[in-house]
Amino acid sequence: MNVGIIGSGTMGSGIAQVAATADCHVKLYDTNQTALNKAKVTLEKILNRLIEKGRINVEEKNRIQSNITYVDSLKDLSDSNLTIEAIIENLEIKKKVFSELESYVSNDCIIASNTSSLSIASIAASLKNSERCVGIHFFNPAPLMKLVEVVPAIQTSEKVLEKSIQIISDWKKIVAVAKDTPGFIVNRVARPFYGESLRIYEEGIADFATIDWSLKTLGGFRMGPFELMDFIGNDVNYTVTETVFSAFYFDPRYKPAFTQKRFSEAGYLGRKTGKGYYDYTEGATKPTPKEDSVLAEKIFNRVLIMLINEAADALFLNIASAEDIDNAMAKGVNYPKGLLAWADEIGIDKCVAALDRLYNEYHEDRYRCSPLLRKMDREHKTFF
């Protein structure tokens with residue numbers, strides 16, 4: 001199978017590695033020759049590390065490398081059966097690239113976007129044959145993260161959807177099918193992990209280190225929200241939040257935080273700039289959290305209940321199945337367990353009561369309980 005990857009950045013290169021490992025013939029395209037050279041050098045280092053860890057041998061390394069060709073012309077992707085775009089999150093630029101690409105590839109070539117939050121329908125509209133377009137959203141780092149969201153636009157044909165699911169499954173990834181709505185599954189459902197944590201900080205309830213400690217210690221999350229935002233980049237995370245907020249017609253549940261906006265404006269983007277919510281410069285010491293179990297439980301319960309509410313609402317609005325929503329959060333962002341299964345464990349009645357307490361305290365629509373949770377409480381049902 002011939003696969004074309006557009007964009008040789010971290011994500012594009014990662015997807016190329018995944019496809020090449022699955023024995024596809026991959027052409028990695030970029031207009032920037034320096035970027036292509038960097039991608040080639042980076043892959044060499046990654047594969048050498050895998051050899052050192054005993055994950056692959058030299059023959060496997062050579063096979064993967066031989067499956068990737070680095071090209072600087074879109075015309076070189078003309079023999080592709082599947083193309084995946086992984087460039088800047090700018091709708092107009094993506095549409096321009098897709099329109100040009102369509103003139104080179106065959107009529108049955110699937111043209112996919114790796115966008116994390118833009119409308120697949122809008123991207124598909126740039127094509128003469130929009131039925132061939134689909135969202136195939138990998139998570140970073142693509143070779144390690146098991147989940148891939150497959151997102152059909154309203155134009156996407158059933159044949160293209162089924163073929164896309166089959167290809168990604170053959171690449172040994174877990175597929176979650178999501179409706180073409182802002183943030184799809186993961187970037188929508190995960191918003192409270194960041195947003196509610198920022199809100200807790202802005203209310204003066206706890207500092208960054210204490211909030212992170214609470215969610216890691218009680219919740220079992222691998223990284224706290226502020227550590228994770230620093231890892232992702234405050235500019236990137238803020239932009240996704242702002243995009244989702246705007247796309248949902250300014251629903252207060254997705255309202256961005258001034259704290260993150262100011263950190264972005266100050267250039268405190270996280271690890272990549274050496275400073276974010278934490279200081280990453282050499283010799284800097286990380287602040288000590290306030291290890292108060294009562295406070296920690298209050299923080300953890302508040303963030304978790306908001307995540308559960310968001311997951312329930314995604315199910316209520318048919319964004320994805322309950323299984324795909326839980327798989328997406330466990331495999332896409334490494335949550336300790338699926339949020340809907342977590343709700344069953346806590347008890348739906350307790351989830352509803354906790355949300356009602358927050359709403360009664362703040363009287364903000366941000367804390368409205370999902371109609372599905374309330375209905376399930378009345379009918380004494382569980383998600384699984």
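In which loop is the place of phenylalanine 250? In this predicted model, phenylalanine 250 sits in the loop between H11 and H12, where its phi is positive, about 65°, although the residue is not a glycine. Lysine 172, in the loop between helix H6 (158–170) and S8, likewise has a positive phi of about 65° without being a glycine. Asparagine 334, just after H14, takes a positive phi of about 60°.

The loop residues for which accessibility was computed are set out below.

| Residue | Loop | Relative accessible area |
|---|---|---|
| Lysine 172 | between H6 and S8 | 66%, exposed |
| Phenylalanine 250 | between H11 and H12 | 53%, exposed |
| Alanine 266 | between H12 and H13 | 47%, partly exposed |

Alanine 266 is separated from valine 151 by 115 residues in sequence and by 35 Å in space, taken from C-alpha to C-alpha. A further loop, the one between S6 and S7, contains proline 141, and the peptide bond that joins asparagine 140 to this proline is cis, with omega at about 0°.

**Helix H4**

Helix H4 comprises twelve residues, 91–102, and spans 16 Å from its first C-alpha to its last, which is close to the 16 Å expected at 1.5 Å a residue. Its buried residues are Lys94, Val97, Phe98, Leu101 and Glu102. Viewed down the axis of H4, these buried residues fall within an arc of 130°, so they line one face of the helix. An α-helix has 3.6 residues a turn, so residues three or four places apart point the same way. The face of H4 turned away from the buried side carries the exposed residues Glu92 and Lys96. Packed against the buried residues of H4 are strand S1 (2–6), strand S4 (82–85), strand S5 (110–113), helix H5 (120–124) and strand S6 (133–138). At the start of the helix, a side-chain oxygen of asparagine 90 comes to within 3.1 Å of the backbone nitrogen of glutamate 92.

**Helices H10 and H11**

The axes of helix H10 (residues 225–232) and helix H11 (residues 234–247) come within 6 Å and cross at roughly 105°, and H10 and H11 are therefore roughly perpendicular to each other. Met229, Asp230 and Ile232 of H10 make this contact with Asn234, Val236 and Asn237 of H11.

**Buried positions in H9, H13 and H14**

Serine 214, which lies in helix H9 (residues 208–217), is buried with a relative accessible area of 0%. The side chain of serine 214 reaches the backbone oxygen of threonine 210 at 2.7 Å, and, when residues up to four places away in sequence are not counted, serine 214 touches Gly219, Ala296, Ile299 and Phe300.

Asparagine 309 belongs to helix H13 (residues 293–316) and is buried, with a relative accessible area of 2%. Apart from neighbours within four places in sequence, asparagine 309 is in contact with Leu355, Arg368, Cys369, Ser370 and Leu373.

In helix H14 (residues 322–332), the buried residues are Ala322, Asp324, Ile325, Asp326, Ala328, Met329 and Gly332. Their cover includes strand S7 (147–152), strand S8 (174–177), helix H7 (186–189), H13 and helix H15 (339–346).

Technical notes. Residues are numbered from 1 along each chain as its sequence is written. This is a predicted model: local features need pLDDT of at least 70, side-chain atom pairs count only at pLDDT 80 or more; totals for chains, interfaces and linings use all residues. Side-chain values use heavy atoms; hydrogens and water are left out. Helices (H or I, at least four residues) and strands (E, at least two) are DSSP runs, numbered from the N terminus. Buried means under 20% relative accessible area, exposed over 50%, partly exposed in between (1.4 Å probe, protein chains only). Contact means heavy atoms within 4.5 Å. The expected span of a helix is 1.5 Å times one less than its number of residues. The arc is that of the directions from the helix axis to the C-beta atoms. A polar contact is a pair of N or O atoms within 3.5 Å; within protein, one must be able to donate a hydrogen and the other to accept it, and residues adjacent in sequence count only if both atoms are side-chain atoms. Axes are lines fitted to C-alpha atoms, for helices over the stretch in contact, and angles run from 0 to 180 degrees between N-to-C directions. Angles under 35 degrees count as roughly parallel, over 145 as roughly antiparallel, 65 to 115 as roughly perpendicular and the rest as oblique.
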